[in-house]
Amino acid sequence: MSTKQIFVFLGAPGSGKGALSRACVKNLDWKELSTGNECRKHRSEGTKIGQEIDFAIKSGTLVSDGVIIDMVAQWIEKHVDSTSSIILDGFPRTVPQAQGLIGLLGHEGFGALRLRIFQLVLDDEVIVKRLSSRLVCTNKSCQTVYSTLVDSLKPKKEGICDICGSELIRRDDDNPQTIRERLRTYHYHAQSLLDFYKKEGYTIGQINADQLPEQVFENFLAVANIQP
Ligand code: AMP
């Protein structure tokens, strides 16, 4: 059995993890899990864990590690057989989540999995601008992201998703106060997460995220040494 790869994209909210993940899905036929998208799905469906998620999203804080690790484990179990590579966008965000993921890699039902870690690097000021101009599709199975600032990322028809035709909105956590709280939460955990991976012997590929999505994708292919 060939070794499958799990790619972890680390980076602040708005650093472009989602756009890079979607480029990998489109161009390399990989599968992606965005824990943020999954959380928003639970929230809108009002599931048992939806209430905890609702509070965390509104306040810009994190959902508890146990809930998120279960979510990721179930998703990997469901998709691992049908793809060569999995991307985790927005997970892990804490050291216990990173430990949980390493534990999952040893799950015998998943076969051989190689973990590869990349960090999208971008200044906070650029992030605040990006998030303040971000629009997202309201269809929870789509959740495509647009920008009102960058021409190539604007929807063809104002306020409407190019992919599925649903309405576009500003995410309720993309407001200045929650953005600041999300960045604070990110920085609080980021360094210990990076230190943890270094201690475990992983190399962390650095991607310059202050570029257009297609350039970020090219940069990722080069750093990860992947031939499309
Ligand atoms: P995102 O779309 O990645 O910015 O995530 C939106 C929100 O979902 C976050 O602010 C958290 O409340 C929650 N969330 C997403 N991923 C995680 C995670 N790995 N751990 C804890 N909470 C998460």
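Colleague: Which residues are closest to the ligand?
Modeller: This is a predicted model. In it, 16 residues surround the ligand. The closest are T35, T61, G90, R93 and Q97.

Colleague: Which helix gives the largest share of the shell around the ligand?
Modeller: Helices α2 (35-45) and α3 (50-59) each supply at least two residues of that shell. Four residues make up the largest share. They come from α2.

Colleague: How do the residues of the shell divide into nonpolar, polar and charged?
Modeller: The shell around the ligand holds 16 residues. Five of them are polar and four are charged. The nonpolar ones number seven.

Colleague: How far is a nitrogen atom of the ligand from an N or O atom in the side chain of T35?
Modeller: T35 is among the closest residues to the ligand. R93 is on that list too, and an N or O atom of the R93 side chain is 2.9 Å from a ligand nitrogen. For the side chain of T35, the distance to a ligand nitrogen is 2.8 Å.

Colleague: Which side chain has an N or O atom 3.5 Å from an oxygen atom of the ligand, and what percentage of the ligand does the protein bury?
Modeller: The side chain is that of R182, with an N or O atom 3.5 Å from a ligand oxygen. Taken alone, the ligand exposes 480 Å². Of that area, the protein buries 96%.

Colleague: Which strands stand at the edges of the open sheet of five strands?
Modeller: The strand order is β2-β3-β1-β4-β8, with parallel pairing. Two of these strands have a single partner each, so one side of each is left without a neighbour in the sheet. From one strand to the next, the twist averages 25°. The edge strands are β2 (31-34) and β8 (204-208).

Colleague: What is the bridge partner of S34 in β3?
Modeller: β2 and β3 (residues 85-89) run parallel. Four bridges join them. In one of the pairs, S34 is matched with D89.

Colleague: At what angle does helix α7 run to β4?
Modeller: Two helices lie across strands of the five-strand order. Helix α5 (residues 95-105) lies across β1 (4-10), β3 and β4 (113-121), at about 150° to β4. Helix α7 (residues 176-199) lies across β1, β4 and β8. Its angle to β4 is about 140°.

Colleague: Which residue in β6 stands opposite V136?
Modeller: An open sheet of three strands has the order β6-β5-β7, with antiparallel pairing. Its edge strands are β6 (145-147) and β7 (168-169), each pairing on one side only. Strand β5 (residues 134-137) pairs with β6 over three bridges. The residue opposite V136 is V145.

Colleague: Where does P92 lie, and what is omega for the peptide bond that joins F91 and P92?
Modeller: P92 lies in the loop between β3 and α5. The peptide bond joining F91 and P92 is cis. Its omega is about -5°.

Colleague: What is phi of D29?
Modeller: D29 is found in the loop between α1 (17-28) and β2. The phi value is positive, in a residue other than glycine. Phi of D29 is near 65°.

Note on methods:
Residues numbered from 1 in each chain as written. Predicted model: local features only at pLDDT ≥ 70, side-chain atom pairs only at ≥ 80, totals over all residues. Heavy atoms only, no water. Pairing = 2+ DSSP bridges. Axes fitted to C-alpha atoms, helices over the stretch in contact; angles between N-to-C directions. Contact = heavy atoms within 4.5 Å. Near = heavy atom within 4 Å. Polar contact = N/O pair within 3.5 Å; in protein donor to acceptor, adjacent residues only side chain to side chain. Areas by Shrake-Rupley, 256 points an atom, 1.4 Å probe, with all protein chains shown as cover. Nonpolar A, V, L, I, M, F, W, Y, C, P; charged D, E, K, R; others polar.
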